[in-house]
Amino acid sequence: MFRRLAGEEAIFQDSNSTPPTVGLFVTCLVDLFRPAVGFASIKLLEEAGCQIEVPDTQTCCGQPAFNAGHREEAVTIARQVIAAFEPFDYVVAPSGSCAATIRRHYPELLADDPKWSSRAEAVASKTYELTSFLTDVRSLAGVKVELPEKTIAIYHDSCSGLRELGVKTQPRSLLGTIENLELKEMEEPEVCCGFGGTFCTKYPAISEVIVSAKTKDIDATGADLLLAGDMGCLMNMAGRLRREGRRTEVRHVVEILSGMTEAPPIAGRQEDQS
């Protein structure tokens, strides 16, 4: 459906010739359900002039344990992640949720630990959600991707990315450089999709009401393509769209920005044609 434009891969300017090292925090959901997002992330970061490594020792960020109130388990996981990623110049995740856990909650978890508090602060200060890193740190002005036909897309703001990291304009500015892509807004793009980490499993009836309101908002836009920056939100909305018989294509935003759309969408039109 998408292709790269010939020539320059990305609109990028950087006077520093030394590539920064980036530890890619892949996330559990990407690793288990959508590895294509990890590969697309690597491609975007390399085009932004970074040297990428994916530490073998990385684990879950600990958000489920933290949200469930299992503080001791969350602290153990936080120490593991800090040790794995502190050698890098930056830590980047294709997820506002995981990046926010490291950036906002690790310093809180380890504030009273004299051996780990400064290490937690150091890793937190260099951790970013991917589209925020590309625009705010690497000054990426756009991507050279073209759609073969005019496509209407909408972007869902995940709760953690928006409220804990301020990620809102960054993905939209990059999507605005894709040829033949028209970006529309939902009536309430900032409203939760109902996933909420463990919320959807603890309170499924409430979650279903929330996601049903979201899919109604999505359908009203007439969009061909639904994008977001967190796999939890995308899988939750995709599941509901599928059960409702909607044909809106669902993808992680980095798949579109990188032009890597060989994998079938999480839900949507190509799935219906298979």
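**Exercise 1. Is L110 buried or exposed, and what is its relative accessible area?** Place the residue in the chain and list its contacts.

Solution.
The model is predicted.
Step 1. L110 sits in the loop that links α5 and α6.
Step 2. The relative accessible area of L110 is 1%. Buried means under 20%, so L110 is buried.
Step 3. Setting aside neighbours within four places in sequence, L110 is in contact with V75, A78, R79, I82, W116, S117 and A120.
Step 4. For a distance across the chain, take T198: L110 and T198 are 88 residues apart in sequence, and their C-alpha atoms are 23 Å apart in space.

**Exercise 2. Classify A111 by its relative accessible area, and give its distance from S132.**

Solution.
Step 1. A111 also belongs to the loop between α5 and α6.
Step 2. Its relative accessible area is 46%. Partly exposed covers the range between under 20% and over 50%, so A111 is partly exposed.
Step 3. A111 and S132 are 21 residues apart along the chain, with 26 Å between their C-alpha atoms.

**Exercise 3. Describe the geometry of helix α5: its span, its kink and its N-terminal cap.**

Solution.
Step 1. Helix α5 covers residues 96-109, which is 14 residues.
Step 2. From the first C-alpha to the last, α5 reaches 19 Å, close to the 20 Å expected at 1.5 Å a residue.
Step 3. A kink of about 30° is present in α5, and its centre is I102.
Step 4. At the N-terminal end, the cap of α5 is S95, which has a side-chain oxygen 3.2 Å from the backbone nitrogen of S97.

**Exercise 4. How many residues of α5 are buried, and which elements do they pack against?** Work through T101 as an example.

Solution.
Step 1. Of the 14 residues of α5, 11 are buried, so the helix is largely enclosed by the rest of the structure.
Step 2. The buried residues are G96, S97, C98, A99, A100, T101, I102, H105, Y106, P107 and L109.
Step 3. They pack against the helices α3 (63-67), α4 (71-85), α6 (117-125) and α8 (159-165), and against the strands β5 (90-93) and β6 (127-129).
Step 4. T101 lies in helix α5 and counts as buried at 1% relative accessibility.
Step 5. A polar atom of the T101 side chain lies 3.1 Å from the backbone oxygen of S97. An α-helix has 3.6 residues a turn, so residues three or four places apart point the same way.
Step 6. Not counting residues up to four places away in sequence, T101 touches C61, Q63 and Y106.

**Exercise 5. In what order do the 4 strands of the open sheet lie, and which helix packs on the sheet?**

Solution.
Step 1. The order is β4-β3-β5-β6, with parallel pairing.
Step 2. β4 (51-53) and β6 are the edge strands, each pairing on one side only.
Step 3. From one strand to the next, the twist averages 30°.
Step 4. Helix α7 (residues 130-137) packs on the sheet and touches β3, β5 and β6; its direction makes about 105° with that of β6.
Step 5. Strand β3 (residues 21-24) pairs with β4 over 3 bridges and with β5 over 3 bridges. G23 of β3 stands opposite E53 in β4 and opposite V91 in β5.
Step 6. The parallel strands β5 and β6 are joined by 3 bridges, and V92 has Y128 in β6 as its bridge partner.

**Exercise 6. Which strands are joined to β10 by bridges, and which residues cover its two faces?**

Solution.
Step 1. Strand β10 (residues 225-228) has both faces covered: L225 and L227 on one side, L226 and A228 on the other, are all buried.
Step 2. Strand β8 (residues 145-156) runs parallel to β10 and is joined to it by 4 bridges; H156 has A228 as its bridge partner.
Step 3. Strand β11 (residues 249-252) also runs parallel to β10, again with 4 bridges, and L225 is partnered by E249.

**Exercise 7. Compare the span of helix α2 with the expected value, and say what follows the helix.**

Solution.
Step 1. Helix α2 (residues 35-47) has 13 residues, which should span 18 Å at 1.5 Å a residue.
Step 2. Its end C-alpha atoms are 19 Å apart, which agrees.
Step 3. The buried residues in α2 include V37, G38, A40, S41, L44, L45 and E47.
Step 4. After α2 comes G49, with a positive phi near 80°.

Notes:
Residues are numbered from 1 along each chain as its sequence is written. This is a predicted model: local features need pLDDT of at least 70, side-chain atom pairs count only at pLDDT 80 or more; totals for chains, interfaces and linings use all residues. Side-chain values use heavy atoms; hydrogens and water are left out. The expected span of a helix is 1.5 Å times one less than its number of residues. The bend at a residue is the angle between axes fitted to the seven residues ending there and the seven starting there. Buried means under 20% relative accessible area, exposed over 50%, partly exposed in between (1.4 Å probe, protein chains only). Contact means heavy atoms within 4.5 Å. A polar contact is a pair of N or O atoms within 3.5 Å; within protein, one must be able to donate a hydrogen and the other to accept it, and residues adjacent in sequence count only if both atoms are side-chain atoms. Two strands pair if DSSP finds at least two bridges between them. Axes are lines fitted to C-alpha atoms, for helices over the stretch in contact, and angles run from 0 to 180 degrees between N-to-C directions.
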